[in-house]
Amino acid sequence: MSTPILEVNDLKKHFPIHGGFFGGRTGYVYAVDGVSFSIAKGETLSLVGESGCGKSTVGKAILRLFPITGGSVNLDGTRIDDMPSGTLRPMRRRMQVVFQDPFSSLNPRMRVRDILAEPIRNFGLAKDAADIEKRVGDLMDRVRLPRDAVGRWPHEFSGGQRQRICIARALAADPDLIICDEAVSALDVSVKAQIVNLLQDLQKELGLAMLFISHDLAIVEHMTHRVAVMYLGKIVEVAPKRQLFAAPKHPYTEALLSAVPVPEPGAQRERIILTGDVPSPINPPKGCRFHTRCPYAFDRCSKEEPELRPTEEGHFAACHLHDRPASENPLAGARGAAVIAHH
Ligand code: SF4
């Protein structure tokens, strides 16, 4: 097997909390607490979970927007989390990001031409001015925007068009990996679908690897190869998309999926309503972090933390249910993600 483009091993990011009379450290927010995954060249992995689960922190840690607490990040076989900033520069070019808010992520005082030319110039990717102009035009074609719009300002575009400009700017650096951090969440439903289709097309055309961070499983279903589900700073399940949507092996994934509309007419999922609030990442529950909300929790769950283990080829889940006999495991076998015929 070829080297994955991205390998994340036991990544941890604990943010210190300062307070008290002397302003000393009073604890930590365990935002990311031992996360491992890899992405192959040309693959899309979606990282999903409710807000506050740590998924965006994972993306920012990979991009080195802050130092990590533990673990390692490798890009195409080279460790980058402890690389000095000077040496990191060429690696930075190879991973680009598209953030949620296309309104604040574009400089309002720069025309589109300059926004797209900046990374080309910074990373020394063009021979001369004519080459820059050609590359800028090609990028506009790639994201399906008219070439003659390069002279316009960001405020002259709609939200969806601005997100296309953000995508073009990410592509301008000629990356191997794009991290999309809730990249379509702020957009209207119809625009969302167009941007997802564009990302999917670009991924195929350019053979890009993508880490797609989202709270929306319905969006993820259309554009990903594999899905990793996060809960309170940990990955609780990873599987190829079809396997995960057809037969989730973690109760949290099952609950998330139960809220996703089923496209087949006449079918619906049995909605699982989780009780209890999401616990605080400052003081996560002992044992399985999901046990305070899990409908299937039993004695062992509050005492022992389950490891992420294979349940079948390519499918991993962190749940003690899989040590029980199939007759006592509600997630054993293919259950069709609790999809029931509705007559
Ligand atoms: Fe639920 Fe226990 Fe599995 Fe955790 S380990 S998800 S509490 S059944």
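Student: How many residues surround the ligand, and which are the closest?

Tutor: In this predicted model, the ligand is surrounded by 13 residues. The closest of them are Cys-288, Cys-294, Cys-301, Cys-319 and His-320.

Student: How do the residues of the shell around the ligand divide into nonpolar, polar and charged?

Tutor: The shell consists of 10 nonpolar residues and three polar ones, with no charged residue. Cysteine is counted as nonpolar in this scheme. As for the space that the ligand takes, this is the largest cavity.

Student: Let us turn to the sheets. In what senses may strands of a sheet pair, and through what?

Tutor: The pairing is made through backbone hydrogen bonds, and the sense is either parallel or antiparallel. Here, one open sheet has eight strands with mixed pairing, in the order β6-β7-β8-β3-β9-β10-β13-β12.

Student: Why is one side of β6 and of β12 left without a neighbour in the sheet?

Tutor: Both strands stand at the edges: β6 (95–98) and β12 (309–312) have a single partner strand each, so the other side of each has no neighbour in the sheet. From one strand to the next, the twist averages 25°.

Student: In which sense do β3 and β9 pair, and over how many bridges?

Tutor: β3 (residues 44–48) and β9 (residues 226–231) are parallel, with four bridges. Within this pair, Leu-45 stands opposite Arg-226 of β9.

Student: Which strands does helix α1 lie across?

Tutor: Helix α1 (residues 55–62) lies across β3, β6, β7 (177–181), β8 (209–214) and β9. Its direction makes an angle of about 145° with β8.

Student: What is the order of the open sheet that four strands form, and what is the pairing?

Tutor: That sheet has the order β2-β1-β4-β5, and the pairing is antiparallel. At its edges are β2 (25–39) and β5 (78–79), each of which pairs on one side only. Strand β4 (residues 70–75) runs antiparallel to β5 and is joined to it by two bridges. Asn-74 stands opposite Arg-79 in β5.

Student: A last point concerns the backbone torsions. Where is the place of Arg-64, and what is its phi?

Tutor: Arg-64 lies in the loop between α1 and β4. Its phi is positive, about 60°, although the residue is not a glycine. Arg-144 is another non-glycine residue with a positive phi, near 55°; this arginine is found in the loop between α4 (129–142) and α5 (159–172).

Key:
Residues are numbered from 1 along each chain as its sequence is written. This is a predicted model: local features need pLDDT of at least 70, side-chain atom pairs count only at pLDDT 80 or more; totals for chains, interfaces and linings use all residues. Side-chain values use heavy atoms; hydrogens and water are left out. Two strands pair if DSSP finds at least two bridges between them. Axes are lines fitted to C-alpha atoms, for helices over the stretch in contact, and angles run from 0 to 180 degrees between N-to-C directions. Contact means heavy atoms within 4.5 Å. A residue is near a molecule or strand if one of its heavy atoms lies within 4 Å of it. On a 1 Å grid over the protein atoms alone, a cavity is a set of points where a 1.4 Å probe fits but cannot get out, and a pocket is an open set with protein on both sides within 12 Å along at least five of seven lines; lining residues have an atom within 4 Å of a point. A molecule sits in a cavity or pocket if more than half of its atoms lie within 2 Å of its grid points.
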